[in-house]
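Work through the exercises below with the sequence and the coordinates at hand. Each task is followed by a solution in steps.

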Amino acid sequence: MNDIILNMLERRSIRRYEDKAVSKETMAEILNAGAWAPSAMNRQTWRLTGIIDPEKVQKLAAAVKKALGAPQSEDYSFYHAPAFIIASNTRGYANGMADCACAMENMMLAAHSMGLGTCLLYTSPSPRDRSLS
């Protein structure tokens, strides 16, 4: 079987991560894979932000939890992942979500090919909530 198809078939969502850092070089390679994803009319309006500091990842998780109004008792930690990628797009752009989804798939497959696990998380803050803007 073709290596690319095998990579797609073997990738799974991972929700338990090793306490192991992701290097700047590895994150850059994963983000580059996302940048090569297709986008509507080739506009490439996404913003791909990689965070490799686990402390910053947890601060972001706490901010998202607060913005979503999740109960304090709820564990909202991005599964304690050591790194995190945010795919965002121009506010109001009709193809923004689809474009970001294509980029995320490229990055998840790239990470898997490097032996790293991923899990897609989707959060769309309410337009009233600017704490994540």
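**Exercise 1: a loop residue**

Locate Ile 52 relative to the secondary structure, then describe its exposure and its surroundings.

Solution. Step 1: Ile 52 lies in the loop between S1 and H3. The model is a predicted one.

Step 2: the relative accessible area of Ile 52 is 26%, so this residue is partly exposed. The class follows because partly exposed covers the range between 20% and 50%.

Step 3: with neighbours within four places in sequence left aside, the contacts of Ile 52 are Val 22, Ser 23, Lys 24, Met 27, Pro 82 and Ala 83.

Step 4: between Ile 52 and His 80 there are 12 Å in space, C-alpha to C-alpha, for a separation of 28 residues in sequence.

**Exercise 2: nonpolar cores**

State which residues of the largest nonpolar core touch the most other members, and which elements supply the core.

Solution. Step 1: this core has 14 residues, and those touching the most other members are Met 27, Leu 31, Trp 46, Leu 48, Ile 85, Ala 103 and Met 107.

Step 2: two or more residues come from each of helix H2 (24-35) and H4. The largest share, five residues, belongs to H4.

Step 3: a second, separate core has six residues, among them Ile 51, Val 57, Ala 61 and Phe 84.

Step 4: Met 27, a member of the largest core, is in contact with Val 22, Gly 50, Ile 51, Ile 52, Ala 83, Phe 84 and Ile 85, leaving aside neighbours within four places in sequence. Ile 51 and Phe 84 in that list belong to the second core.

**Exercise 3: helix H4**

Check the span of H4 against its number of residues, and find what its buried residues pack against.

Solution. Step 1: H4 has 18 residues, and at 1.5 Å a residue the span should be 26 Å. The expected value is 1.5 Å times one less than the number of residues.

Step 2: the end C-alpha atoms of H4 are 26 Å apart, which agrees with the expected span.

Step 3: the buried residues of H4 are Gly 96, Asp 99, Cys 100, Ala 103, Met 104, Met 107, Met 108, Leu 109, Ala 110 and Ala 111. Their packing partners are helix H1 (3-10), H2, S1 and S2.

Step 4: just after H4, Gly 115 has a positive phi of about 85°.

**Exercise 4: Thr 118**

Place Thr 118, decide whether this residue is buried or exposed, and list its contacts.

Solution. Step 1: Thr 118 is in the segment after helix H4 (96-113).

Step 2: the relative accessibility of Thr 118 is 15%, so the residue counts as buried. The cut-off used here is under 20%.

Step 3: not counting residues up to four places away in sequence, Thr 118 touches Arg 11, Arg 12, Ser 13, Ile 14, Tyr 17, Met 108 and Ala 111. With Arg 11 there is also a side-chain polar contact of 3.1 Å.

**Exercise 5: aromatic pairs**

How many aromatic pairs are there, and how is each arranged?

Solution. Step 1: the count is two aromatic pairs.

Step 2: Tyr 76 and Phe 78 are 5.8 Å apart, centre to centre, with 65° between the planes, an edge-to-face pair. The label applies because planes over 60 degrees apart count as edge-to-face.

Step 3: Phe 78 and Phe 84 are 4.1 Å apart, centre to centre, with 15° between the planes, a stacked pair. Here the angle is under 30 degrees, the limit for stacked.

Step 4: Tyr 76, Phe 78 and Phe 84 form one aromatic cluster. Phe 78 and Phe 84 are buried, while Tyr 76 is partly exposed at 22%.

**Exercise 6: positive phi**

Describe the setting of Gln 44 and Phe 78, two residues with a positive phi that are not glycine.

Solution. Step 1: most residues other than glycine have a negative phi.

Step 2: Gln 44 has a phi of about 50° and lies in the loop between H2 and strand S1 (47-51). At 40% relative accessibility, Gln 44 is partly exposed.

Step 3: Phe 78 has a phi of about 55° and lies in the loop between helix H3 (54-68) and strand S2 (84-88). Phe 78 is buried, with a relative accessible area of 7%.

Key. Residues are numbered from 1 along each chain as its sequence is written. This is a predicted model: local features need pLDDT of at least 70, side-chain atom pairs count only at pLDDT 80 or more; totals for chains, interfaces and linings use all residues. Side-chain values use heavy atoms; hydrogens and water are left out. Rings of Phe, Tyr and Trp (its six-membered ring) pair if their centres lie within 6.5 Å; planes under 30 degrees apart count as stacked, over 60 as edge-to-face and the rest as tilted. Buried means under 20% relative accessible area, exposed over 50%, partly exposed in between (1.4 Å probe, protein chains only). Helices (H or I, at least four residues) and strands (E, at least two) are DSSP runs, numbered from the N terminus. A polar contact is a pair of N or O atoms within 3.5 Å; within protein, one must be able to donate a hydrogen and the other to accept it, and residues adjacent in sequence count only if both atoms are side-chain atoms. Contact means heavy atoms within 4.5 Å. A nonpolar core is a set of buried Ala, Val, Leu, Ile, Met, Phe, Trp, Tyr and Cys residues joined through side-chain atoms within 4.5 Å.
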